[in-house]
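With the model open in your viewer, please show the side chains as sticks and follow this tour of aromatic rings from one selection to the next.

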Amino acid sequence: MASAKEDNKHQGIGIVGAGLVGCLAALAFAAKGFSVTLFELRPDPKEVTNEKNLRSINLAVSDRGIRALKYVDAEMADRVLEHVIPMTGRMIHDLSGKKQESQAYGLFGESINSIDRSFLNDCLLDEIRHSDINVHFNHKLIRLDNLSSEEKSPKMTFLDNSESTESKMKSYEFDYIIGADGAHSQFRYQLQKSMRMNISQEYIDMQYLELSIPSNTKGDSKFHIDPNHLHIWPRHEFMLIALANEDGSFTSTFFSPWSVIESFGTSSDKFVEFFKYNFPDAFELMGEEKLKYAFESQPRGSLMQVNAYPYHNPNGRALIIGDAAHLMVPFYGQGMNCGFEDIRVLMELIDKNNGEVSESFKQYSELRAEDLKTISKLALDNYHEMSSKVTNGWYLFRKKIDNMLGRYGNGLFQWIPMYTMISFRGDIPYSKAVKIEKRQTKILNAIEVGTIAGFILFGAAKLAQHYHKLSNK
Ligand code: FAD
């Protein structure tokens with residue numbers, strides 16, 4: 001009798017987008033024996049010499065992402081993750097530029113891990129090169145057809161921009177097709193025309209500008225600041241962050257409302273003055289010239305959220321995953337982690353359904369919806385935490401109690417701090433984490449009220465004692 005893997009060989013999967021999520025999806029389907037073809041708009045990065053294909057963004061890979069990589073191939077996960085830099089906490093930089101304060105992320109020294117996005121993408125593409133997956137670069141998805149047909153296979157039409165050929169349209173048919181073509185997904189656009197799909201898109205009033213701290217060429221360490229922390233300069237309305245790279249440099253990102261950056265007009269001097277006042281230590285490390293160059297020449301990114309539902313089409317032969325299905329703001333460091341988790345969840349369904357892909361696509365939408373909505377909201381809310389709350393006394397007090405209960409009360413009350421659930425406990429779905437957090441928040445609120453009441457009573461008792469002494473004199 002043929003094995004499940006042998007059976008899968010006869011099923012063709014076409015995936016659009018060789019970004020992080022599309023690459024991992026291709027590897028995951030190939031590992032299960034499916035016949036996989038991957039299409040990508042960009043040229044093969046191996047053939048592009050003097051141009052960086054993707055913008056320089058550092059990502060924090062955490063448990064959900066790592067679990068998915070390991071699920072697909074544990075050895076591959078080790079190879080890919082060999083180059084990460086662990087970050088065990090946030091390092092908060094104050095306005096004077098002289099004080100830094102470490103705030104641990106985990107209860108027991110757990111870390112999230114810094115890695116360059118294009119480097120990670122290249123690693124996954126290298127893994128693909130060593131597999132049976134067919135890859136077509138320079139292929140831009142233009143159209144999807146046969147989406148409502150029960151008899152015909154879904155058809156994808158691409159504009160082939162390979163330099164070797166004249167641009168021409170090419171069509172391919174597959175048993176199943178997957179859109180992993182990111183924020184402005186053409187796949188999603190085509191899919192929603194053929195079915196009843198809800199889509200919401202919301203721009204967030206926030207821009208980001210990529211900056212960089214060079215490596216240290218003089219001291220003992222190649223890093224100017226501690227590489228094992230995610231550095232944050234929280235200034236309420238705006239903030240700066242920095243994540244370490246293997247070569248000793250840091251990729252830094254300045255986030256602000258558009259009105260802040262636009263208030264400088266075209267004057268890089270004004271921007272530098274603002275930067276020097278708000279981030280004096282970062283200013284020293286980056287240097288005036290580099291900042292001016294970044295302000296004048298670097299593109300400013302915009303942030304938006306996209307939510308779609310359902311993720312599959314009615315006949316269960318097309319599906320969207322990753323940013324194409326759930327674009328979120330980057331403040332919880334979960335966009336890619338969640339996209340990788342999409343793949344693990346889908347693969348587990350395919351296993352459960354004995355390789356039945358249609359049924360798995362349908363079940364996937366239902367299973368995933370609440371979790372994806374939840375993490376989009378958490379990501380947005382976390383901006384406030386990163387840019388403001390981390391400097392607030394009450395927040396830090398609550399965090400201490402939260403961590404203490406997590407460390408010592410886990411067995412007894414099943415207490416797990418929210419950050420731990422999201423970043424280090426991929427076995428807890430996002431929506432379940434929020435439910436657990438709600439219960440814990442009630443208890444923390446009671447402790448906070450109790451502490452305030454305690455302080456008031458203590459103060460009142462002291463005052464009464466004082467007056468009592470006075471009246472007895
Ligand atoms: P993409 O990476 O966008 O890939 C889509 C691919 O599809 C691209 O290669 C594109 O060229 C291709 N494509 C597009 N259109 C077509 C077409 N018509 N035909 C063919 N191919 C097409 N996530 C984290 O988990 N942790 C972090 O710390 C983190 N930090 C972030 C910081 C910033 C500033 C930003 C902006 C994002 C961050 N993210 C983070 C989010 C993360 O980058 C994304 O969630 C992730 O890259 C999504 O991967 P994807 O494969 O779904 O989409």
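Begin by selecting arginine 64 together with tyrosine 430: the charged end of the arginine sits over the tyrosine ring, at 4.1 Å from the ring centre. Keep in mind throughout that this is a predicted model.

Next, colour the aromatic side chains, among which the structure holds 29 aromatic pairs. Centre the view on tyrosine 105 and tyrosine 419, whose ring centres are 4.7 Å apart and whose planes meet at 10 degrees; since planes under 30 degrees apart count as stacked, this pair is therefore a stacked one. Tracing the backbone from each ring shows that the pair links distant parts of the chain, 314 residues apart, with tyrosine 105 in the loop between strand S6 (100-104) and strand S7 (112-116) and tyrosine 419 in helix H14 (residues 418-424). If you now switch on the surface, are these two tyrosines buried or exposed? Tyrosine 105 is buried, with a relative accessible area of 8%, and tyrosine 419 also counts as buried, at 10% relative accessibility.

Move on to phenylalanine 274 and phenylalanine 279, where the ring centres lie 6.4 Å apart and the planes stand at 80 degrees, so that this pair is edge-to-face. Both of these phenylalanines are buried. Extend the selection to Phe238, Phe254, Phe264, Phe271, Phe275 and Phe295, which ring pairs link with Phe274 and Phe279 into a cluster.

Finally, stay on phenylalanine 295 and add arginine 300, whose charged end sits over the phenylalanine ring, 4.7 Å from its centre.

Note on methods:
Residues are numbered from 1 along each chain as its sequence is written. This is a predicted model: local features need pLDDT of at least 70, side-chain atom pairs count only at pLDDT 80 or more; totals for chains, interfaces and linings use all residues. Side-chain values use heavy atoms; hydrogens and water are left out. Rings of Phe, Tyr and Trp (its six-membered ring) pair if their centres lie within 6.5 Å; planes under 30 degrees apart count as stacked, over 60 as edge-to-face and the rest as tilted. Helices (H or I, at least four residues) and strands (E, at least two) are DSSP runs, numbered from the N terminus. Buried means under 20% relative accessible area, exposed over 50%, partly exposed in between (1.4 Å probe, protein chains only). A charge sits over a ring if NZ of Lys or CZ of Arg is within 6 Å of the ring centre and within 35 degrees of the ring normal.
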